[in-house]
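User: Please take a close look at one part of this predicted model, the paired strands and the aromatic rings they carry. I would be grateful for one connected explanation suited to a first-year student.

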Amino acid sequence: MNLEFYKKLSIPPAWAKKTITKGNLAGKTDISPMWRIEVMTEVFGPCGLGWKYEIEKQWEKVCPDESIMCFCNVKLFIKGFNEEWSEPIPGTGGSRLIHRFGTKGGKEEGYLDPSDEGYKMALTDALSVAMKALGV
């Protein structure tokens with residue numbers, strides 16, 4: 001990849017940036033996952049033809065408060081200038097599958113709230129992590 005591709009991949013437009021207002025990342029900027037897909041498609045071609053990924057592993061971890069985290073490992077590939085697939089670019093992502101609300105002072109109060117999008121969000125996070133190696 002040359003510097004022109006890197007610059008194209010590394011500078012998201014204003015519409016793709018959103019300030020994070022809550023949690024540990026408050027004040028940081030979130031980049032739209034759809035922009036990441038758009039720019040990968042623009043630079044490398046459609047998913048499956050110019051870039052692709054494989055889900056290597058998905059797993060869960062039960063936390064002490066009974067919430068459950070889910071994780072995903074992916075391998076991202078791009079077609080190089082010689083039209084051959086690259087070596088795998090690894091990415092690991094995670095999200096909450098079940099979140100406990102109302103926990104106070106280490107006591108397990110409140111309720112458990114499941115997410116039907118936990119694995120999807122973990123996959124999106126893993127792809128974002130892998131794409132960072134390309135500048136995205």
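Analyst: In the hairpin of E3 and E4, 5 residues lie between the strands, and Glu66 takes a positive phi near 75°. The two strands of this hairpin, E3 and E4, run antiparallel to each other and are paired over 11 bridges. One point of reference along this pairing is Trp51, which stands opposite Ile78 in E4.

Strand E4 also has a second partner. E4 and E5 pair in the antiparallel sense over 9 bridges, and here Cys70 stands opposite Ser95 in E5. As for its surroundings, 9 of the 11 residues of E4 are buried, so E4 is largely enclosed by the rest of the structure.

The aromatic rings come next. In general, a pair of aromatic rings is described by the distance of the centres and the angle of the planes. The count of aromatic pairs in this model comes to 1. That pair consists of Trp59 and Phe71, whose rings are stacked, with 5.4 Å from centre to centre and 25° between the planes. Trp59 belongs to strand E3 (residues 51-62) and Phe71 to strand E4 (residues 68-78), so the pair ties together parts that are 12 residues apart in sequence.

Are these two rings buried or exposed? Trp59 has a relative accessible area of 28% and is therefore classed as partly exposed. Phe71 is likewise partly exposed, because its relative accessibility is 22% and the term buried is kept for values under 20%.

Charged side chains also meet rings in this region. The charged end of Lys57 sits over the ring of Trp59, 4.7 Å from the ring centre. Trp59 thus has a part in the stacked pair with Phe71 and also lies beneath the charged end of Lys57. In addition, the charged end of Lys52 sits over the ring of Phe77, at 5.5 Å from the centre of that ring.

Strand E5, the second partner of E4, leads on to the largest pocket. This pocket has a volume of about 820 Å³, and E5 (89-101) is among the elements that give two or more residues to its lining. The lining comprises 22 residues, and those nearest the centre of the pocket are Ile20, Leu25, Asp30, Gly94 and Asp125. Helix H3 gives the most to this lining, with 7 residues. By character, the lining divides into 6 nonpolar, 8 polar and 8 charged residues.

Technical notes. Residues are numbered from 1 along each chain as its sequence is written. This is a predicted model: local features need pLDDT of at least 70, side-chain atom pairs count only at pLDDT 80 or more; totals for chains, interfaces and linings use all residues. Side-chain values use heavy atoms; hydrogens and water are left out. On a 1 Å grid over the protein atoms alone, a cavity is a set of points where a 1.4 Å probe fits but cannot get out, and a pocket is an open set with protein on both sides within 12 Å along at least five of seven lines; lining residues have an atom within 4 Å of a point. Grid points are joined across faces, edges and corners, and a volume is the space filled by probe spheres set on the points. Helices (H or I, at least four residues) and strands (E, at least two) are DSSP runs, numbered from the N terminus. Ala, Val, Leu, Ile, Met, Phe, Trp, Tyr, Cys and Pro count as nonpolar, Asp, Glu, Lys and Arg as charged, and the others, Gly among them, as polar. Rings of Phe, Tyr and Trp (its six-membered ring) pair if their centres lie within 6.5 Å; planes under 30 degrees apart count as stacked, over 60 as edge-to-face and the rest as tilted. Buried means under 20% relative accessible area, exposed over 50%, partly exposed in between (1.4 Å probe, protein chains only). A charge sits over a ring if NZ of Lys or CZ of Arg is within 6 Å of the ring centre and within 35 degrees of the ring normal. Two strands pair if DSSP finds at least two bridges between them.
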